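Please open the model in a viewer and display the side chains. The tour below proceeds by selection, from one surface region to the next and then to the aromatic rings.

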Amino acid sequence: MVVTAQETEQETTTAYKKRVLESTEVDFLTSYYSQEGDNAAVTGGIGTEELTDFTPTIVVSVPLNDDDVLTIDAGISAYTSASSSNVDPFDTNESANPFVASSGASRQDVLTTVVGTYSHSSDNRNNIWSANLALANEYDYFSVGFGGSYTRLFNEKNTELTLKANVFLDTWNAIYPSELRDNPGFIEFDDESRNSYSLGVGFSQILSKKLQGSLSVDFIQQEGLLSTPFQRVQFNDVADVIVEEFTLADDIERLPDSRFKIASGGRLHYYINEFLLVRTFYRYYADDWGINSHTASIEVPIKITDKLTLYPSYRFYMQTEADYFAPFNQHVSTQEFYTSDYDLSDFNANQYGFGIGYTDIFTKTHVWKFGLKSIDLRFRQYERNSGLKASIFSGGFNFVMD
């Protein structure tokens, strides 16, 4: 009888394991983005860049059993853009002007995205596999993506290695500047597809009781239509044609049909004491279009109480310009590739941020069957030396089903 009892106890102990996710979690996320500037690519590198974007998102994570979790991430991005309204600057009663928004259909749109992720963890929780499927749709754009990842934990879970790969297959419904649509000399794109392939490697290590570090490298290959069809270019060796107060396009942005990118970076998190933590990040990026960039950031979470934390942060970014960039009316018609998109120009930027987080692991506050676990509210101010300024408000609410 003793032997039987011991065998039963051993079987019970072996069978028990902690669930990867104890119960269903729901995150309600939202952000509001507003920017202004005077270098709109839609009008050839000059003109208003005013834009607002509102992005509500819901993320639902459901434990299917002890080892498997299904996560659905669905959101919309509803934007109003003064610059994109000038795809047709003449559909308003006012005089066409690159610094004044038109009232056409391209002034606003909604991007809808849905991402599903399935993950499986081994019994000892040292191996994690995941697969994902993504869909995105906009009035001139559709995308389907799929991929997966594998994570291995070892050294008593102090070391973590992750491999990931993704494929995105995109299709444009090309919209061209209004003055070029009936121009017999204008050449439209004959291929409106774009494919992106990415491979990433990540390594994380607990270095001491207070210090944790990680390294990552990502490789991305893009092929197909990498130009934005409604972004204008004006040539300085072609006489300007100005209607009202608007300079008509000589052509649209034309860029190579392939692009290789590599990004490598690292993080260091240092625990000073129970009230203060320092998080640092650095990334280097390069591509075969001539862009090199550096990103550095720091965040210092300050724990005020057991439930309340403040998040001051700062981020610096700088990049060189692409080989194919030139400002308004500076390209020549003999060039093969050209763009006046200031996102591909030489610039640096500063971002200042502040956030406040509330956490209640006991979820005392309830909404229907869900307990409120955390709230995260943040504000960031972004400024480029080119004059572009943006403000970003974001918020997140995490609920756990009882």
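Select Tyr118 and show its surface: with a relative accessible area of 35%, Tyr118 is partly exposed, a class that lies between buried (under 20% relative accessible area) and exposed (over 50%), judged with a 1.4 Å probe and protein chains only. Tyr118 belongs to strand 4; strands are DSSP runs of E with at least two residues, numbered from the N terminus. The model is predicted, and local features need pLDDT of at least 70, side-chain atom pairs count only at pLDDT 80 or more, and totals for chains, interfaces and linings use all residues. Residues are numbered from 1 along each chain as its sequence is written, and side-chain values use heavy atoms, with hydrogens and water left out.

Next, add Leu64, Leu70, Ile72, Val114, Leu135 and Phe142 to the selection; together with Tyr118 they make a nonpolar surface patch of about 560 Å². Two or more residues of this patch come from each of strand 3 (68-81) and strand 4 (108-121). Patch residues have over 30% relative accessible area and no salt bridge; nonpolar side chains (Val, Leu, Ile, Met, Phe, Trp, Tyr) are joined within 5 Å and like charges within 9 Å. A salt bridge here is a side-chain nitrogen of Lys or Arg within 4 Å of a carboxyl oxygen of Asp or Glu.

Now select Asp190, Asp191, Glu223 and Asp257, which gather in a patch of negative charge on the surface. Asp190 sits in the loop between strand 7 (159-172) and strand 8 (193-206) and is exposed, at a relative accessible area of 79%.

Turn then to the aromatic rings, of which the structure holds 14 pairs. Rings of Phe, Tyr and Trp (its six-membered ring) pair if their centres lie within 6.5 Å; planes under 30 degrees apart count as stacked, over 60 as edge-to-face and the rest as tilted.

Select Tyr176 and Phe186: their pair is edge-to-face, at 5.1 Å centre to centre and 75° between the planes. Both residues lie in the loop between strand 7 and strand 8, so the pair ties together parts that are 10 residues apart in sequence. Tyr176 and Phe186 are each buried. Adding Phe189 to the selection completes one aromatic cluster with Tyr176 and Phe186.

Finally, select Phe379 and Phe393, a tilted pair at 4.8 Å centre to centre, with 45° between the planes. Phe379 is in strand 22 (residues 370-384) and Phe393 in strand 23 (residues 389-401), 14 residues apart. Phe379 is partly exposed at 30% relative accessibility, and Phe393 is partly exposed at 44%.

How values were computed
Areas by Shrake-Rupley, 256 points an atom, 1.4 Å probe, with all protein chains shown as cover. Lys, Arg positive; Asp, Glu negative; His and termini not counted. Charge placed at Lys NZ, Arg CZ, Asp CG, Glu CD. Helix = DSSP H or I, 4+ residues; strand = E, 2+ residues; numbered from the N terminus.
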